[in-house]
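Subject: Structure handover

Hi,

Here is the structure I promised to pass on. My notes on what turned up follow below it.

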Amino acid sequence: MKYATFDYKGGRYVGRVNATEDSVDRFDLSETDVMQNGVCAIIGIEPPEVVDTISLSDVTLVAPVPRPHRNIFCVGKNYHGHAKEFASSGFDSSAAHGTVPQAPIVFSKLPETVIAHGDAIQIDTTASTAIDYEAELAVIIGTEGKNISTDNALGHVWGYTIVNDMTARDLQGIHSQWLIGKSQDTFCPMGPYAVTADEIDLADTFVKCWVNDELRQDSNTGLLIFDVPTIIAAISNGITLMPGDVIATGTPAGVGIGFNPPKYLVDGDRVRIEIQGIGKLENPMEELPS
Ligand code: MG
């Protein structure tokens, strides 16, 4: 199943996206619950009652989980090609520990960074002049758990979405901890939809990213260094994962910093990410007036 969180006639709703992707079945859910939890409002009550069917052209999509309760968990350097390009970029403050990590590198992004498909990603040149994209499959946790084993990990997954783990490379390089470079305002485009776990074959799902019409990233989730069960086991080691937690699993090779010279994003660029089975997440770059 494919679900959307959306605004329509002054309200916020969750619905099921129909197979032709031109309409959405709007669910009967409490608006408070939808405002707080987005698509996660349906966890545990699937399938909710359908109120009506609305044309997708009449709604405004918001991120599937528009304002997560907690920071977005993220995994760094989780594809071999990207680990190599980043370690050699000069901006990798973790490079002293080796090109390929021995354990998952986990950092986070502030919840306020989340924006929707179509929203502008801000370029604030007073803060950064090295802004980059990262196409990533993101896990949405459905069931609480702590010290989760790899064998049980996928049982805690409700579904998946797309995250663009936007990064200010200069700030990432200055600070050993990556939070500032990863949490600039608008730096977590998410969407356009969320899909239930059964829709994704983790062993073989393509991840692609274009800047304008240039294909920059073209990989497959089967190439993750640390797979989704390993990531969930690592993060839940002494930390309780909660329904609605979002985990971005890492980006493949082909980010802007992997080019010589680097191809940073500029005003007017459009970043489009496609992940098989989920859809296309596209956002324009917009430079703030100085
Ligand atoms: Mg990333």
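Start with D132, which is buried at 0% relative accessibility. Bear in mind throughout that this is a predicted model.

**The charged network**

D132 and R169 form a salt bridge through their side chains, 2.8 Å from N to O. D132 sits in strand β10 (residues 131-132) and R169 in helix α4 (residues 169-174), so this pair ties together parts that are 37 residues apart in sequence. R169 is buried too, with a relative accessibility of 0%. The bridge does not stand alone: salt bridges with shared partners join K109, D132, E134, D165, R169 and K182 into one network. The structure holds 14 salt bridges.

**The magnesium site**

Which residues supply the protein donors of the magnesium ion? They are E134 (OE), E136 (OE) and D165 (OD), at 2.0 to 2.1 Å from the ion. Their spacing in sequence reads E-x1-E-x28-D. E136 belongs to strand β11 (residues 135-141), while D165 is in the loop between β12 (157-164) and β13 (167-168), so these two tie together parts 29 residues apart in sequence. E136 is buried at 0% relative accessible area. D165 is also buried, again at 0%. Two of the donors, E134 and D165, appear in the salt-bridge network as well.

**K182**

K182 is in helix α5 (residues 179-182). Is K182 buried or exposed? Its relative accessibility is 1%, under the 20% cut-off, so K182 counts as buried. The K182 side chain makes a polar contact with the side chain of T167 at 2.8 Å. Beyond its neighbours within four places in sequence, K182 is in contact with a list of residues that includes F107, S108, K109 and T113. The magnesium donors E134 and D165 are on that list. R169 is there too, along with M166, Q172 and F187.

**Two further salt bridges**

E21 and K2 meet through their side chains, 2.5 Å from N to O. This pair links distant parts of the chain: E21 is in the loop between β2 (11-17) and β3 (23-27), K2 in strand β1 (residues 2-8), and they are 19 residues apart. K2 is buried, with a relative accessible area of 15%. E21 is partly exposed at 37%.

R26 and D52 form another bridge, with the closest N and O atoms 2.6 Å apart. R26 lies in strand β3 and D52 in strand β4 (residues 50-55), so the pair ties together parts 26 residues apart in sequence. R26 counts as buried at 13% relative accessibility. D52 counts as partly exposed at 26%.

**Helix α6**

How many of the eight residues of α6 (residues 228-235) are buried? Six are, and the helix is mostly covered. The buried ones are V228, P229, I231, I232, A233 and I235. They pack against β6 (72-76), β7 (105-109), β11, α3 (150-153), β12 and β18 (246-248). Strand β11 is also where E136, a magnesium donor, lies.

**A nonpolar patch**

L110, L179 and I180 make a nonpolar surface patch of about 210 Å². L110 is in the loop between β7 and β8 (114-115). L110 is partly exposed, with a relative accessible area of 33%. Helix α5, which holds K182, covers residues 179-182.

**Backbone points to check off**

- A cis peptide bond joins G191 and P192, with omega about 0°. P192 is in the loop between β14 (188-189) and β15 (194-196).
- N260 and P261 are likewise joined by a cis peptide bond, omega about 0°. P261 is in the loop between β18 and β19 (270-275).
- E21 has a positive phi near 55° and is not a glycine. E21 is the residue that bridges to K2.
- N212 also has a positive phi, about 55°, without being a glycine. N212 is in the loop between β16 (206-211) and β17 (214-220). Its relative accessible area is 35%, which makes N212 partly exposed.

Best wishes

Definitions and conventions. Residues numbered from 1 in each chain as written. Predicted model: local features only at pLDDT ≥ 70, side-chain atom pairs only at ≥ 80, totals over all residues. Heavy atoms only, no water. Donors = N, O, S within 2.8 Å, 3.2 Å for Na, K, Ca; no water. Helix = DSSP H or I, 4+ residues; strand = E, 2+ residues; numbered from the N terminus. Buried < 20%, exposed > 50% of the residue type's maximum accessible area, 1.4 Å probe, protein only. Polar contact = N/O pair within 3.5 Å; in protein donor to acceptor, adjacent residues only side chain to side chain. Contact = heavy atoms within 4.5 Å. Salt bridge = Lys/Arg side-chain N within 4 Å of Asp/Glu carboxyl O. Patch = residues over 30% accessible without salt bridge, like charges linked within 9 Å, V, L, I, M, F, W, Y side chains within 5 Å. Areas by Shrake-Rupley, 256 points an atom, 1.4 Å probe, with all protein chains shown as cover.
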